[in-house]
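I opened my notebook to look up two kinds of side-chain link. My plan was to take cysteines, then charged pairs.

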Amino acid sequence: MLNERIERIGLSSREAERRLKKYGHNILEKKKKISALKIFLSQFNDFIVWVLIIATIISGFIGEKADAITILIIVVMNAVLGFIQEFKTEKSLEALKELAAPTAKVIRDNTIKVINAEDLVLDDIVVLESGDRVPADCVVIENSNLMVDESLLTGESIGVEKNTYSKDCNIYMGTIVLTGRGKAQVVQTGMSTEMGKIAGMLQSIQEEKSPLKEKLAFLGKILVIICIAICFIVTLTGIARGQGKYEMFLLGVSLAVAAIPEGLPAIVTVSLALGVSKMLKRNALIRKLPAVETLGCTSIICSDKTGTLTQNKMTVKVLYFENNTYELDGKKEIPENTLLKKAFVYCNDCNFDFKEMNIEKSLFGDPTETALIKAFFNKSSQLKDFLSKSKRVYDKPFNSDRKMMSVIMKEGVKETVYVKGAPEKIIAKCKYILLRGELKEFNDYYKRKVERAVENMSYKALRCIAAAYKPRNITKNNMEENLVFLGVAGIIDPPRREVKDAVLKCKIAGIRPVMITGDHKNTAYAIGKELEICEKQSQVISGEELDNLTDKRLLRIIDDVSIFARVSPKHKLRIVKAFKEKGNVVAMTGDGVNDAPAVKESDIGISMGVSGTDVTKEASSMILLDDNFTTIVSAVEEGRVIYNNIRKFIRYLLSCNLGEVLTMFLASLLYLEPPMLPIQILFVNLATDGLPAIALGVDPASENVMLDKPRYKKESIFARGLKEKILIRGSLIGICTILAFIVGKWWGMNLTTCRTLALSTLIISQLIHVFECKSEKHSLFEINIFTNWYLIGSVFISLILLLLIIYLPFLQKIFHTVALKSSQWFIVIFFSGIITFINSVYLLIRHKKEK
Ligand code: ATP
């Protein structure tokens, strides 16, 4: 038999901690730790790298041993770089999983706390509400219409009713509460649960494949083929020119290793993962990595009103009863109306902590409900007295479809029904009205009076809740019929101040904010107008009007609708589908369990960190930790920045690789000696490819990304001129490098000096080009190049490495270089800088003219 004390006040924190130590966490399987060694070894899991290693070893045996060793060291260093990137990514994904871990509401030390589901222990009392995922195997000890979806265990998708202390009082870990509320005591945790017996843990974060990464992997394959073909030509012409076969073979393979952008998909993941942590700092928790990519294309943001656009700080401003309107902070004295008070306070699911004297601090729960109590009570002791006079015997909870709730209360021996909900729902169910203690027929005259009062309140952006009661002939079936109308409360929920700016930002960025709310049309319009989401009343349509529209008609008008009011969750799915059909990329928020299908259907499903249910969180790709609309806009902005950064390093990496390949290819076409040796090519790859590219991945936005229209979802990563930029710039890097080599020969320098010239020109052109990649629109002269210290640092390191291999005698021997004189540096600087200089001057003049 259950310990009654525990049932009432829950376990103490100390006891829970003791049990946690003794019995362990409530998890199904130990999370596999990422094996660092495995990640390191996977860096060598590349055919072409193995060809290089074997070729190096063979050539080491027959020729230069020092060369072979250095090449191997470079290969290992490359692997270390790759390892660091991947390890960091894995770690941040792991950290994310922890953050997105499921939570549970539990009573401990006599208060309701939200804890990680992992920390639940035996005998904990969990509080369950619709939309919650049951966190452990439990028995129900308190129940109000509790219905659970057990399809996960049984495959049966019909809800199963659960009752207290009966044979169907067991509820199982992983199942979902469909409707109702309840409390349950934990009887099994972790691997001892039914779920533990059958299946692995439900993943809280899905590692879906990023479409961009997939496309790049495909592109990589094509590039491999092209590179290998070019490497063949370079190798064969070298051999035809009389160079050593092994030497040329090694050169060909080194070129392939350097030129193939094998790291591209990995860097995409790194920058998406870094993006995730940046978004987290702005309160957006990403659950699915590809969402980072999609966020940047968002063209419509469908947002709930309450709590997202508004503050969710509710206060009752107006009470209407007996044909009179009373302002709560007005001068007019408000007569006592006990029945209205009872309806709003008894028919209420707030939780209380009566140790607190202050009413503000003693109430927990839905702000609408706490506001109604605060309208009638100042002290928690008075409330406690009031509540002790009756007992709830039955209830039908509130949900966004019904838009009302009702309770049967036992006061002494007498049972009474109290109901509250959206005015039109309540009005439709009332047969009488209470006026000066007398029941009168609720005829059209009285109805119109009430409707007019509600209309007036809603124009002032007040959220209206009506109350009714039923004094006799009560059964569970008829409890919401033939009610007596009592009155209406008008609640103010001020808009969040920062949202107006965010809305403006959206509009400039070509994104349309749309409000979807369960609230009254006029209330929604008043708030929407204040936030500048809409201008005219004609931009608002209600759920009822939506029902009367055919799909075709909806598609025709949807571009003009900015507010959907008095909608139920089922409407949301239709709205998302219609927007998507119009070619939009839709972000959609949701909190309740019924919102999950729409959240899932949208391109970016957004759930609420504070008020959201587990089911909706699981269906979403992003969680708003602060439930704030502004956070969505920040996440979209961050998504755009990250996508731009991915374009930046793709531009950089591919044009550099093209430059490298072309240098060697042009030399073989011109029948010249190879302008670089294998070891030098691999050095270029190590010194310039890795670090600066990663640094570009975290580049702060150099242009205001929210001034452009959203990009087209299916747009290629190379769209908007990127392909041309890569081809032209890559070719110019190759041509300039080969020209430096030719000029050296022309001036009678020896081959080693010419190669040092070519090597330095190639590296320095790339290091200059990396700064050009910071902006797609502006030249080097127009942007601030000092905004990214990682980039400056990585360029500095690359430069130092170059100087070291040119000036340190023992490295000169290994890398076959010579110290350059200042006149030779002039050639290097001239050929690496000339293109950038001409291009920047040209852009500067053009932009000046455009202004
Ligand atoms: P949003 O979808 O923007 O969050 P909302 O929170 O106003 O909007 P609902 O919670 O579905 O949407 O509420 C719809 C209507 O139901 C409200 O306008 C109000 O009249 C009524 N209502 C809200 N909360 C309660 C409640 N706890 N009990 C009874 N009626 C309620």
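**Cysteines**

I searched for disulfides (pairs of cysteine sulfur atoms within 2.5 Å) and found zero in the structure. I then looked up Cys347, which is in no disulfide; its nearest cysteine sulfur belongs to Cys350 and is 11 Å away. A disulfide is a covalent bond between the sulfur atoms of two cysteines.

I noted what I was working with: this is a predicted model, where local features need pLDDT of at least 70, side-chain atom pairs count only at pLDDT 80 or more, and totals for chains, interfaces and linings use all residues. Residues are numbered from 1 along each chain as its sequence is written, and side-chain values use heavy atoms, with hydrogens and water left out.

Next I checked burial. Buried means under 20% relative accessible area, exposed means over 50%, and partly exposed lies in between (1.4 Å probe, protein chains only). Cys347 has 0% relative accessibility, so I wrote it down as buried.

Why does Cys656 not bond with Cys773? The Cys773 sulfur is the closest cysteine sulfur, but at 7.1 Å it is too far for a bond. Cys656 is also buried, with a relative accessible area of 0%.

**Salt bridges**

I counted salt bridges (a side-chain nitrogen of Lys or Arg within 4 Å of a carboxyl oxygen of Asp or Glu). My search of the whole structure gave 45.

I picked Asp329 and Lys317, whose closest N and O atoms are 3.5 Å apart. Helices (H or I, at least four residues) and strands (E, at least two) are DSSP runs, numbered from the N terminus. Lys317 sits in strand E10 and Asp329 in the loop between strand E11 and helix H12, so this salt bridge ties together parts that are twelve residues apart in sequence. Asp329 is exposed at 59%, while Lys317 is partly exposed at 30%.

My second pair was Lys648 and Asp699, which meet in a salt bridge at 2.9 Å, N to O. Lys648 belongs to helix H25 (residues 629–669) and Asp699 to the loop between helices H26 and H27, so the pair ties together parts 51 residues apart in sequence. Are these two buried or exposed? I found both Lys648 and Asp699 buried.

My third pair was Lys777 and Asp708, at 3.4 Å, N to O. Lys777 is in the loop between H28 and H29, Asp708 in the loop between H26 and H27, 69 residues apart. Lys777 is partly exposed at 43%, and Asp708 is partly exposed at 34%.

Last, I looked up a network: salt bridges that share partners join Lys278, Arg282, Lys505, Glu637 and Glu638.
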